[in-house]
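Work through the exercises below with the sequence and the coordinates open. Each task is followed by a solution in steps.

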Amino acid sequence: MSTTLHHLAEAHNARFGTSGVRGLVSDLTDAVCYAYAQAFLRSAAAGSPRIVVGHDLRPSSPRIAAACAQAIRDAGREAIFVGALPTPALAYCCALHGAAGIVVTGSHIPFDRNGIKFYRADGEIDKADEQAILDTEVAVPDALSPSPLSAVDTAALDAYVARYTDFFGIGALAGTRVALYEHSSVARDVLRTVFEHLGAEVLSLGRTDTFVPIDTEAVRAEDIAQAHAWAQAHRFDAIVSTDGDADRPLIGDETGTWLRGDVVGILCAQYLQADVVVTPVSSNTAVEKCGAFRQVVRTRIGSPYVIAGMDAQRGAGRVVGYEANGGFLLGSDVERGGARLKALPTRDSLLPMLALLAMARAHGCRVSQLADALPRRFTASDRIQNVPTEFSRALIARLPQAPGEAAALMAPDAGAVTAIDTTDGLRVHFATGAIVHLRPSGNAPELRCYAEADDESRARALCDACLARIAATL
C-alpha cells in the first residue's frame with residue numbers, strides 16, 4: 001500500500017511526542033514501524049548508507065526493531081544491529097561512525113506502550129525532521145514478514161564504556177560504594193561495568209525481568225520507600241538507576257533520598273564548569289539564582305528544544321543542557337585534567353551519575369551535601385494518568401484568560417498571580433514566590449504538574465493539591 005506517513009500514523013494513533021514516536025504496542029504494528037523507518041530513511045537519513053538499530057528491554061521492542069531493520073534492508077542500506085543498549089550509547093555510536101540510527105524504546109511510559117527514536121549522524125532529529133518524516137510518501141509491502149534480527153555488534157557498548165572510563169580515569173572512584181537499582185533498565189549491566197572500571201564497589205539491587213516503568217520526574221511511592229529501606233539495610237555512598245532506555249538518571253544520596261533531576265543538572269553543569277546552560281522552562285530557578293553560569297537559556301519541554309537551544313549557543317563557550325527529568329546533554333567538547341569528553345547532544349544518564357560522585361569525592365563531602373550551596377528552591381512534580389488530552393488542552397487554553405480561576409485551581413493560598421508564562425503549557429508565578437506549572441504530556445494521556453517553592457514540603461503540597469483539585473473536576 002502507498003500513503004503518506006501522516007495518514008498512516010493518525011490512523012494507528014502512533015504519533016511524535018516530545019522525544020520520538022509513541023503509541024500502544026497494539027497500534028505499533030509491523031507495517032506502521034516499517035513505514036516510520038522507511039520515511040526516516042527517505043527524509044532525515046537520506047545520505048546514510050548504514051543505520052544503527054538498537055532497543056530497550058520491553059518484550060515488544062525486538063519485534064519492532066526487526067520491522068525497522070527490514071525497512072532498512074529493503075531500501076538497500078546496511079542495518080547494524082547493536083542489541084539492547086542505552087539510547088545514548090546508540091547515539092554515541094552514530095556520532096563516531098557518521099551513521100544514522102533507530103532505537104526502539106518506550107522510555108518510562110506504561111508497559112502497554114512503546115516507541116521509536118531516530119538519530120541523524122549528528123544527533124537527534126529535530127521538529128523539522130519530524131514534519132518531513134510525516135510528509136513522506138511510504139509504501140509498505142502487502143505481505144510484510146520481517147526477518148529475524150542479526151547477531152549483535154558489541155562495538156557500540158564498548159565505545160560507550162571507553163567514553164567514560166577514558167575521561168574520568170581508571171580507579172577514579174576507588175573506595176566508593178554504589179548501589180545499583182537495576183530493575184528492567186537496559187543499562188543495568190553496562191553501569192556495573194563502568195563503575196567497576198572506575199574502581200567503585202557495586203551493590204546490585206532490585207533486578208527483574210518484568211518491565212518497570214520508572215519515571216524520573218514522578219518517582220513512584222514504592223521506589224521512594226524502597227530506596228530508604230535499602231539505605232537502612234546496606235551501606236552505600238549513592239544509589240543510582242535509570243529509566244527504561246537509560247537516557248534519564250535517578251540518583252539518590254547515602255540516605256536513599258532521590259535527588260531532583262533539575263538539581264542534578266545544575267550540579268553536573270557546575271562540575272563541568274559550563275559557561276552556558278540550556279534547560280526547559282520547568283526546571284528549578286536555582287540555576288539562575290546560583291550565579292554559576294554566564295548565561296541560562298530557557299526552552300520548551302523536550303530534548304529537541306534543548307538541542308536547538310544549544311545549537312544556537314554554539315561558539316559561546318562550554319555549552320551544556322539538561323532537563324527536569326535529569327537527562328544531561330553535552331553541547332560542546334569538555335576538557336578536564338588532560339582528558340577530553342566529546343560532545344553528545346542527546347540525553348544521557350551516566351554522565352551526571354559519574355559527575356556527582358566525582359564532585360563529592362573532590363569536595364570531600366557526602367552526596368547529600370552537594371546541593372547545600374545552592375539557593376533554597378525546591379521543586380516537585382507528579383501527574384494524573386488517563387486524562388483526555390482534549391481536557392488538558394482546553395484547561396490550559398482557558399486559564400490564562402481567567403487569572404482568578406487559575407489561582408483558585410492551581411494555588412489558592414499562594415497569593416496573587418504575578419506572572420503567567422505560556423512557553424510550554426501554563427506556568428503561573430504567585431506573590432509568595434511559589435510557581436505552579438501545568439502541561440499535558442506529549443507521550444501519553446497524562447496531565448503533569450510542576451511546582452516550585454522555598455520549602456521542600458511546600459513544593460510537594462502545591463503539586464499534590466493542584467492535581468487533586470483538577471482530578472476532582474474530571
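A residue is called buried when its relative accessible area is under 20%, exposed when that area is over 50%, and partly exposed in between. The model is predicted.

**Exercise 1. Burial along a helix**

Task: Determine which residues of helix H9 are buried.

Step 1. Take the helix as residues 261-271 and apply the 20% limit; 10 of the 11 residues pass as buried, and H9 is therefore mostly covered.
Step 2. List them: Gly 261, Asp 262, Val 263, Val 264, Gly 265, Ile 266, Leu 267, Cys 268, Ala 269 and Tyr 271.
Step 3. Look past the end of the helix. H9 is followed by Gln 273, with a positive phi near 55 degrees.

**Exercise 2. Strand E12 and its partners**

Task: Say how E12 is enclosed, and find which strands pair with it.

Step 1. Because five of the five residues of E12 are buried, the strand is largely enclosed by the rest of the structure.
Step 2. Sort the side chains by direction. In a regular strand the side chains alternate between the two faces of the sheet. In E12, Ala 238, Val 240 and Thr 242 point one way, Ile 239 and Ser 241 point the other way, and all are buried.
Step 3. Find the parallel partner. Strand E10 (residues 177-183) pairs with E12 over three bridges in the parallel sense; Val 178 has Ala 238 as its bridge partner.
Step 4. Find the antiparallel partner. E12 is joined to E13 by four bridges, the two running antiparallel. Here Ser 241 stands opposite Leu 250.
Step 5. Inspect the connection. The hairpin of E12 and E13 has six residues between the strands, and Ala 246 takes a positive phi near 65 degrees there. Most residues other than glycine have a negative phi, and most peptide bonds are trans.

**Exercise 3. Two residues with positive phi**

Task: Ala 246 and Asn 386 both have a positive phi. Decide for each whether the residue is buried or exposed.

Step 1. Locate them. Ala 246 is in the loop between strand E12 (238-242) and strand E13 (249-252), while Asn 386 is in the loop between E21 and helix H13 (389-398).
Step 2. Read the angles: phi is near 65 degrees for Ala 246 and near 55 degrees for Asn 386.
Step 3. Apply the limits. Ala 246 has a relative accessibility of 0%, so Ala 246 counts as buried. Asn 386 has a relative accessible area of 69%, so Asn 386 is exposed.

**Exercise 4. An open sheet**

Task: Write down the strand order of the open sheet of five strands, and identify its edge strands.

Step 1. The order is E21-E25-E24-E23-E22, with antiparallel pairing.
Step 2. Strand E21 (378-385) and strand E22 (417-421) are the edges, since each pairs on one side only.
Step 3. Neighbouring strands of this sheet are turned against each other by 15 degrees on average, direction ignored.
Step 4. Examine the pairing of E21. Eight bridges join E21 to strand E25 (residues 446-453). Across this pair Ser 381 stands opposite Tyr 450, and Arg 383 has Arg 448 as its bridge partner.
Step 5. Check the cover. Six of the eight residues of E21 are buried, and the strand is mostly covered.
Step 6. Add the helix. Helix H14 (residues 403-410) lies across E22, strand E23 (426-430) and strand E24 (435-440), at about 85 degrees to E23.

**Exercise 5. A buried loop residue**

Task: Place Thr 285 and list what it contacts beyond its sequence neighbours.

Step 1. Thr 285 is in the loop between strand E14 (276-280) and helix H10 (286-289).
Step 2. Its relative accessibility is 15%, which means that Thr 285 counts as buried.
Step 3. Leaving aside neighbours within four places in sequence, Thr 285 is in contact with Arg 298, Arg 377, Ile 435 and Glu 452.

**Exercise 6. A cavity**

Task: Describe the lining of the second largest cavity.

Step 1. There are three cavities of 30 Å³ or more, and the second largest has a volume of about 80 Å³.
Step 2. The lining consists of Ser 19, Gly 20, Lys 117, Phe 118, Tyr 119, Glu 124, Ile 125, Glu 130 and Pro 304.
Step 3. By class, these residues divide into four nonpolar, two polar and three charged.
Step 4. Strand E7 (residues 113-120) gives the most to this lining, with three residues.

Key
Residues numbered from 1 in each chain as written. Predicted model: local features only at pLDDT ≥ 70, side-chain atom pairs only at ≥ 80, totals over all residues. Heavy atoms only, no water. 1 Å grid on protein atoms, 1.4 Å probe; cavity = no way out; pocket = protein on both sides within 12 Å on 5 of 7 lines; lining within 4 Å. Points joined across faces, edges and corners; volume = space filled by probe spheres on them. Nonpolar A, V, L, I, M, F, W, Y, C, P; charged D, E, K, R; others polar. Axes fitted to C-alpha atoms, helices over the stretch in contact; angles between N-to-C directions. Contact = heavy atoms within 4.5 Å. Buried < 20%, exposed > 50% of the residue type's maximum accessible area, 1.4 Å probe, protein only.
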